[in-house]
Amino acid sequence: MKATAIAHPNVALIKYWGRKDEMLRLPTNGSISINLSEMTTTTTVEFSDTFTTDAITINDEVITNESDRAIKHLDRIRILAQSELKAKVVSKNNFPSSTGLSSSSSGFAALTIAGTQALGLELSEKELSILARLGSGSACRSIPDGWVEWKDAETSEESYASTIFPSDHWNLVDVVAVVSTEKKDVPTSMGQKLAQTSPFFEARQKSMQSKISELKKYISNRRFKSFGEIIEAEALNMHAVMITSSPSLIYWSTGTLQLMKQVQKWRTEGLSAYFTINTGQDTHILVQEENAHTLIEKLNKVSYVKKVIKNSISQGVHLSQTHLF
Ligand code: PMV
């Protein structure tokens with residue numbers, strides 16, 4: 001009754017910010033993302049009748065609070081499997097958490113697969129994506145492979161993510177620039193609740209569907225400049241909503257802001273690169289494979305960039321035979 005799963009965090013190119021149903025984590029709009037090859041969450045789950053409580057360790061930190069999201073997620077899995085067994089869970093990320101690198105997407109995707117597998121449940125990719133979504137919205141996009149779309153839907157059964165293009169459709173590179181490992185003040189889950197307090201939220205919503213259609217067209221035709229212009233504008237659009245929500249959410253640090261300006265400057269000097277940012281200071285920069293080396297060389301010379309991670313577009317969550325305990 002033990003299973004281990006490895007999931008990659010995904011970065012949204014068209015983003016989910018705001019929910020029409022808090023409990024079910026139904027987003028107010030669809031989104032598009034890619035899975036990041038070099039970043040992983042590995043999670044081992046074991047259920048046993050010898051355990052008297054759930055014991056969860058995430059990145060060497062023991063979780064004790066009964067109301068914790070991971071325990072609630074185990075409860076969802078137990079209900080599906082009609083089991084009352086307690087679980088031991090050990091989970092590790094190979095990248096910083098709570099700095100804007102979407103560790104909850106890979107975290108809940110890995111917990112969903114390891115947990116359901118450990119209790120012998122056989123679920124389809126769609127069912128797994130729906131289940132992962134209930135733990136953390138963006139986790140539904142770390143289940144399928146490659147380029148992924150999470151469509152806007154009105155019910156839980158229809159709100160799931162699926163592959164729109166395979167990983168090898170277009171060999172773009174996502175270079176993560178870690179500008180600080182300081183943890184964010186407001187967790188994403190809390191921030192999501194504030195989206196609709198921004199006076200710009202309605203305007204953002206009006207543009208989402210056409211942005212999604214346009215981006216899919218540019219991905220399909222591999223038109224990098226048009227692709228890059230959309231994703232960078234989309235990230236700024238979401239952050240405009242965050243900054244103008246009440247209370248205001250500023251997820252950038254000075255390093256983030258400097259890097260955003262630097263990427264735009266590099267573009268005027270001929271390097272075709274575009275940024276996107278989530279809830280945190282760390283920054284994603286997208287380039288075509290032939291420009292990745294130049295970008296990384298430049299980033300390595302920037303004093304406030306602590307670390308770079310070069311990602312290609314990867315498969316979704318998968319099982320592993322190497323357990324963490
Ligand atoms: O799934 P959550 O609640 O962690 O929210 C994700 C929010 C963003 O990363 C900012 C956007 C997205 O679509 O991933």
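What is the handedness of the crossing of α2 and α3? The crossing is right-handed, where right-handed describes a near helix turned clockwise from the far one by less than a right angle, and left-handed an anticlockwise turn. The model is predicted, so that local features need pLDDT of at least 70 and side-chain atom pairs count only at pLDDT 80 or more, whereas totals for chains, interfaces and linings use all residues. Residues are numbered from 1 along each chain as its sequence is written, and side-chain values use heavy atoms, with hydrogens and water left out.

Helices (H or I, at least four residues) and strands (E, at least two) are DSSP runs numbered from the N terminus. Axes are lines fitted to C-alpha atoms, for helices over the stretch in contact, and angles run from 0 to 180 degrees between N-to-C directions. For helix α2 (residues 103-118) and helix α3 (residues 125-135), the axes come within 9 Å and cross at roughly 125°. α2 is therefore oblique to α3; angles under 35 degrees count as roughly parallel, over 145 as roughly antiparallel, 65 to 115 as roughly perpendicular and the rest as oblique. Contact (heavy atoms within 4.5 Å) is made by F108, A109, T112, I113 and T116 of α2 and by L128, L131, A132 and G135 of α3. By class, this contact has six nonpolar, three polar and no charged residues. Ala, Val, Leu, Ile, Met, Phe, Trp, Tyr, Cys and Pro count as nonpolar, Asp, Glu, Lys and Arg as charged, and the others, Gly among them, as polar.

Helix α1 (residues 69-81) also crosses α2: their axes come within 10 Å at roughly 35°, and this crossing is right-handed. R69, A70, H73, L74 and I77 of α1 meet F108, L111, T112, G115 and T116 of α2. The contact of α1 with α2 divides into five nonpolar, four polar and one charged residue.

Both α1 and α2 touch an open sheet of six strands. The strand order is β8-β7-β9-β6-β1-β16, with mixed pairing; two strands pair if DSSP finds at least two bridges between them. β8 and β16 (318-320) are the edge strands, each pairing on one side only. The twist averages 25° from one strand to the next. α1 touches β6 (41-48), β7 and β9, and its direction makes about 125° with that of β9. α2 lies across β1 (2-7), β6, β9 and β16, at about 35° to β6.

Within this sheet, strand β7 (residues 55-58) runs parallel to strand β9 (residues 86-93), joined by four bridges, and I58 stands opposite S91 of β9. With strand β8 (residues 61-63), β7 pairs in the antiparallel sense over three bridges, I56 having I63 as its partner. The hairpin of β7 and β8 has two residues between the strands, and N59 takes a positive phi near 50°.

A second open sheet has four strands in the order β13-β14-β12-β15, with antiparallel pairing. Its edge strands are β13 (274-277) and β15 (307-311). Neighbouring strands are turned by 25° against each other on average, direction ignored. Five bridges join β12 (residues 172-178) to β15, with V176 partnered by I309. Helix α6 (residues 224-243) lies across β12, β13 and β14 (283-288) at about 30° to β13. Helix α7 (residues 254-268) touches β12, β13 and β14, its direction making about 160° with that of β13.
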